[in-house]
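Below is a walk through the ligand site of one protein model. Keep the sequence and the 3D view open while reading.

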Amino acid sequence: MPHALPSPDLVVVHEEVREALAAGVGVVALESTILAHGLPHPDNVTVAAQIEDAVRAGGAVPATIALLDGVVHIGLGAREVERVCTDPDIAKLSVRDVGVAAALRLSGATTVASTSALAHLAGIRVFATGGLGGVHRGASETFDVSADLGVLASTPVLVVCAGVKSILDVAGTLETLETLSVPVLGFRTDAFPGFYLSDSGHEVPWRVETAADAARVVVTRDRLGTDAAGVVLANPLPADRQVDRELHDRLVTEGLALLEREGVHGKDVTPRLLEYFHDHSGGESLRANVELVLANARLAGEVAVEVAAQTAASTSETGAGSTPSAGA
Ligand code: PSU
Ligand code: MN
């Protein structure tokens, strides 16, 4: 583990997760904002269990992360998941909010940013979600850029996602990831996915064909030690499972107009849009959202297994220190 964990009155690691980490078994972190603020109740309860099952199908142990009564939980039991999914007042916590909410003994769901930070704290290196936060359209005026990006720049966790929604400025998000030195890998694709759409219309800088290659990127970057940024692994919905483009474009236009009309800003933007999509797509946005999250969880499970195996192999080959090798 990278750091000693904070004391158990602040952070509790679920027993199964603790044992998996100690034994070098793959573990996948899962965020709770997607459950509390991204999916409607009661579907979120069922989907939460399916996401964990998908991680297990990939061969790894799931660790859903949330703050409950001021304590960070790395890995949740069914009752705790139910709580995150059911409490209508549960807060959305980015990294800056976690310490405040913990001090005030509150509960909250973690975003990509805070889940990544807490996963790293616990020694978890792979994380599955639906969509990454990013640069919002009009960010040059509003300065609305998700903290997800800045946190990934300094947190060595691989995030499996289906790209970002086209409610965001996709080109601006990719430029920002480049500026922040966060590598972006397409999983069996050259196109950066657009969440509901398989292709956002923008290219990815790198492409990998297998979970083993994605894991090798993590392990090799670790061994090189050039920086401590995370990695984005972009996993698109298959083209025949994406949302109909006409419906998609209509929802985005209507959703953005709604935000304007309602004066929604800050951390309420993404949840409000998701709610609008789910209420106005005749079930299509939910269907696609669930499918892509499950696919990401499965892939993350496979990558986590490979990261664990390759780490063990590279440690036994090179001993305690890393051996410089010839060539570039
Ligand atoms: N994108 C989605 N679904 C989500 C989110 C993003 O398609 O549920 C959530 C994630 O938790 C992400 C957060 O970390 O929203 C980003 O919020 P903000 O833009 O306020 O940083
Ligand atoms: Mn924002």
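**The site around ligand 1**

In this predicted model, a nitrogen atom of ligand 1 is 3.4 Å from a polar backbone atom of Gly131. Two side chains also make polar contacts with the ligand: a polar side-chain atom of Ser146 lies 2.7 Å from an oxygen atom of ligand 1, and a polar side-chain atom of Asp148 lies 2.7 Å from an oxygen atom of ligand 1 as well. Taken alone, ligand 1 exposes 470 Å², and the protein buries 92% of that area.

The shell around ligand 1 holds 15 residues, of which Glu31, Val112, Ser146, Asp148 and Lys165 come nearest. By type, the shell divides into four nonpolar, six polar and five charged residues.

Where does ligand 1 sit? The space that ligand 1 takes is the largest pocket. Helix 2 (33–38) and helix 12 (269–280) are the elements that give two or more residues to the shell around the ligand.

Now consider the pocket itself. The volume of the largest pocket is about 730 Å³. Its lining consists of 38 residues, and those closest to the pocket centre are Lys92, Thr111, Ser146, Asp148 and Thr270. Two or more lining residues come from each of helix 2, strand 5 (91–93), helix 5 (95–103), helix 8 (147–152) and helix 12. The lining divides into 14 nonpolar, 16 polar and eight charged residues.

Ser146 and Asp148 thus appear in both descriptions: they are among the residues that come nearest to ligand 1, and also among those closest to the centre of the largest pocket.

Key: Residues are numbered from 1 along each chain as its sequence is written. Chains are lettered from A and ligands numbered from 1 in the order in which they are written. This is a predicted model: local features need pLDDT of at least 70, side-chain atom pairs count only at pLDDT 80 or more; totals for chains, interfaces and linings use all residues. Side-chain values use heavy atoms; hydrogens and water are left out. A residue is near a molecule or strand if one of its heavy atoms lies within 4 Å of it. A polar contact is a pair of N or O atoms within 3.5 Å; within protein, one must be able to donate a hydrogen and the other to accept it, and residues adjacent in sequence count only if both atoms are side-chain atoms. Accessible areas come from the Shrake-Rupley method with a 1.4 Å probe; for residues, only the protein chains shown count as cover. On a 1 Å grid over the protein atoms alone, a cavity is a set of points where a 1.4 Å probe fits but cannot get out, and a pocket is an open set with protein on both sides within 12 Å along at least five of seven lines; lining residues have an atom within 4 Å of a point. A molecule sits in a cavity or pocket if more than half of its atoms lie within 2 Å of its grid points. Helices (H or I, at least four residues) and strands (E, at least two) are DSSP runs, numbered from the N terminus. Ala, Val, Leu, Ile, Met, Phe, Trp, Tyr, Cys and Pro count as nonpolar, Asp, Glu, Lys and Arg as charged, and the others, Gly among them, as polar. Grid points are joined across faces, edges and corners, and a volume is the space filled by probe spheres set on the points.
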